Amino acid sequence: DGVERIDFINNFSSQIHGHAHPEIVRVVEDQLRRFTSSILPTESEIRFAELLRARAPSLEQLRFCNSGTEALM
C-alpha cells in the first residue's frame, strides 16, 4: 500500500538482528539437522553452562527451561 513503518517494538527485542538474518538462519538450520528435542542435557547446553559458570563462579546450579513458568514449576 506504499506505507513505510518503522518497528520500534522490534518484536520485543527477540529479533534484534532483523528478520531472517542469513547467519542466524544458517545456525538454526544446522541445529535442526542435529535434533530439535531432548529430555536430557545436550552437549551444547553443557558447554554453555560451563561458559556461564566460568564467568560467574558463584553459580551453583543451572537449569535451562522453555519459559519462566516452567522454571518456577
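Mentor: Before we start, a quick term: Ala, Val, Leu, Ile, Met, Phe, Trp, Tyr, Cys and Pro count as nonpolar, Asp, Glu, Lys and Arg as charged, and the others, Gly among them, as polar. Keep in mind, too, that this is a predicted model.

Trainee: What is the mean pLDDT of the protein chain?

Mentor: Here's the general idea: where pLDDT is low, the predicted coordinates should not be read in detail. In this protein chain the mean is 85, and 95% of the residues reach 70 or more. Among its elements, helix α2 has the highest mean pLDDT, 93, while helix α3 (residues 68–72) has the lowest, 87.

Trainee: OK, on to pockets. How much space lies in the largest pocket?

Mentor: In general, rolling a probe the size of a water molecule over the atoms shows where empty space is left. Here, the largest pocket holds about 370 Å³. It is lined by 13 residues, and Leu40, Pro41, Glu45, Phe64 and Cys65 are the closest to its centre. Helix α2 (residues 43–55) gives the largest share of that lining, 3 residues.

Trainee: How does that lining divide by class?

Mentor: Using our term from the start, you get 8 nonpolar, 2 polar and 3 charged residues.

Trainee: And what volume does the second largest pocket have?

Mentor: About 240 Å³. Its lining splits into 1 nonpolar, 6 polar and 3 charged residues. Among the residues there are Gln31, Arg34, Phe35, Thr42 and Arg47.

Trainee: Which helices each supply at least two residues of that second lining?

Mentor: Those are α1 (22–34) and α2, and α2 provides the largest share, 3 residues.

Technical notes
Residues are numbered from 1 along each chain as its sequence is written. This is a predicted model: local features need pLDDT of at least 70, side-chain atom pairs count only at pLDDT 80 or more; totals for chains, interfaces and linings use all residues. Side-chain values use heavy atoms; hydrogens and water are left out. On a 1 Å grid over the protein atoms alone, a cavity is a set of points where a 1.4 Å probe fits but cannot get out, and a pocket is an open set with protein on both sides within 12 Å along at least five of seven lines; lining residues have an atom within 4 Å of a point. Grid points are joined across faces, edges and corners, and a volume is the space filled by probe spheres set on the points. Helices (H or I, at least four residues) and strands (E, at least two) are DSSP runs, numbered from the N terminus. pLDDT is the predictor's confidence in each residue, from 0 to 100.
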